[in-house]
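User: Could you take a close look at one helix for me and walk me through what surrounds it? I'm a first-year student, so please spell out the terms.

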Amino acid sequence: MSAPRGQFSSNIGFLMAAAGSAVGLGNIWGFPTKAASNGGAAFVVVYLILAFLLAYPALMAELTIGRHARRNMVQALRGISTGPITRFFGSLAGFGGILVASLILSFYAIVAGWMVAHLVEPFAGLFGASGAVEWLTGNSVGRNLTFTAIFSGMTMLIIAAGVEKGIERWSTLLMPSLIILLLLLIVYVLTQPGAMTGLEVYLMPDFSHLSPKLLIAAMGQAFFSLSLGVGTMLIYGSYLSQQESLPRLGALVTLIDVGIAFTAGLLILPAMYVAQEAGTQIFSAGGELIAGPDLILQVLPALFDTMGTAGLFVAIAFFALMVIASLTSSISMLEVPVAFSIENLGVPRRLATPLVGLVIFAISSAIIVNFDSLFGLVVSISTEYGQPLLGVALCIFAGWIWRRDQLLAELQKGHPGIENSLFWKIWPWYVRIVCPLLILTAFAQSVI
Ligand code: PHE
């Protein structure tokens, strides 16, 4: 007999877990820097529209399928299939989701490992261990392997504890801490000289940037940020009670995700211009704002160094924020293959977690050792190809393959009176036609 299936104990628990999955490096690092290099508020506006017009409906497809099936993505898509051919495609998409979730985790854990190293660094500095400081901030293979291992270990510990005692408990603890840290940092940074210039760059729209390229960047960002396509939201939905309204909870998750991305911009952009005021270079040789690892690992630490003792606390708060955001996302990625191993292969959770975790750590290690050739490749395969294509598959399963009456019945659970809502009138058609077309068009554009 296998153990009974896990379930979130409350709607708040689900909300914290799903928002925790959504809010990650994509929000605090990806979103602000993409906004800065794509016309500031012009990007923000396009992103907001896409998040609600495209990502939210796609999120609803995953949540609905997941809660109905109460199984992982492979079993869920097979379960709602109606014949051998669709069942085959269900398995294919399900395994695709597991593969892509694992690949995303393999690079995500490396970046999160950098964050852990930078979180430890101020403490080493306090003890005057300059050799340690150099090692922690240097980009050596040894350091990267060590901290990726530490971060992966933390992720595994939480997942091994299960849905309620692991995912729910930690998300409920970490998400409020994340919001408090973010707000404290913003208040501090906005009082520093130069911050207002950063705010202006962020909030003044430059609509000359509007282009298909911007649309695609915003769509990719929305898909990544809402953890779509890979079965993460599907599996979290499968742990949700049928007493809760899916459209409401899905909308709340989207709101929190978008809200924190926007708020993170109020921190990162001003911080960059404060750094400039303090003498740090924030533009690359080509005149572009520095983004990516150089921003987080060089520009911002250089700024913290100019702030004296306060800088120490700011650095700790900032990297703690990054680690927390990463951890509530990484657990949701690991849960995807682990749930499959438990449900389809019959491996107990406590064994499945370290086994799967070690395989993914092996992939991370291969990337670390061949960083220049593999890192960008894995990011691109998983987020630029994998996520949108699987997102289309999920919308097609929800809209075309799944029996309509079952889909509608699932929406009605926990939401009396939904038949009179706008959601009810629009979404079932929208997910059938508009979502796949929009995603495919943007995808085709980006590939061409
Ligand atoms: N949404 C996470 C972030 O913004 C990343 C993620 C992608 C998490 C896919 C789970 C699955 O950082």
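**A close look at α2**

Analyst: Let's start with the buried residues of α2: Leu25, Gly26, Asn27, Ile28, Trp29, Phe31, Pro32, Thr33, Lys34, Ala35 and Ala36. Buried here is a matter of counting: 20 or more other C-beta atoms, placed from the backbone, lie within 10 Å of the residue's own, while 12 or fewer makes a residue exposed and anything in between partly exposed. Since 11 of the 13 residues of α2 are buried, the helix is largely enclosed by the rest of the structure.

Two bits of housekeeping. Residues are numbered from 1 along each chain as its sequence is written. This is a predicted model, so local features need pLDDT of at least 70 and side-chain atom pairs count only at pLDDT 80 or more, while totals for chains, interfaces and linings use all residues. As for names like α2, helices are DSSP runs (H or I, at least four residues), and so are strands (E, at least two), numbered from the N terminus.

Now for length. The expected span of a helix is 1.5 Å times one less than its number of residues. For the 13 residues of α2 that gives 18 Å, and the end C-alpha atoms are 17 Å apart, so the two agree. There is a kink, though: about 30 degrees at phenylalanine 31, shortly before proline 32. That bend is the angle between axes fitted to the seven residues ending there and the seven starting there. After α2 comes glycine 39, with a positive phi near 90 degrees.

What does α2 have to do with the ligand? Of the 15 residues around the ligand, the ones that come nearest are Gly24, Gly26, Ser227, Thr232 and Ser329. Two or more residues of this shell come from each of α1 (11-22), α2 (25-37), α10 (212-225) and α14 (308-345). To be near, a residue needs its C-beta atom, placed from the backbone, within 6 Å of the molecule. By class, the shell holds 6 nonpolar, 9 polar and no charged residues. Nonpolar covers Ala, Val, Leu, Ile, Met, Phe, Trp, Tyr, Cys and Pro; charged covers Asp, Glu, Lys and Arg; the others, Gly among them, count as polar.

For another helix to set beside it, try α12 (residues 246-277). Its 32 residues should span 46 Å, and the end C-alpha atoms are 47 Å apart, which agrees. α12 is mostly covered too, with 23 of its 32 residues buried. Just after α12, glycine 279 takes a positive phi of about 100 degrees.
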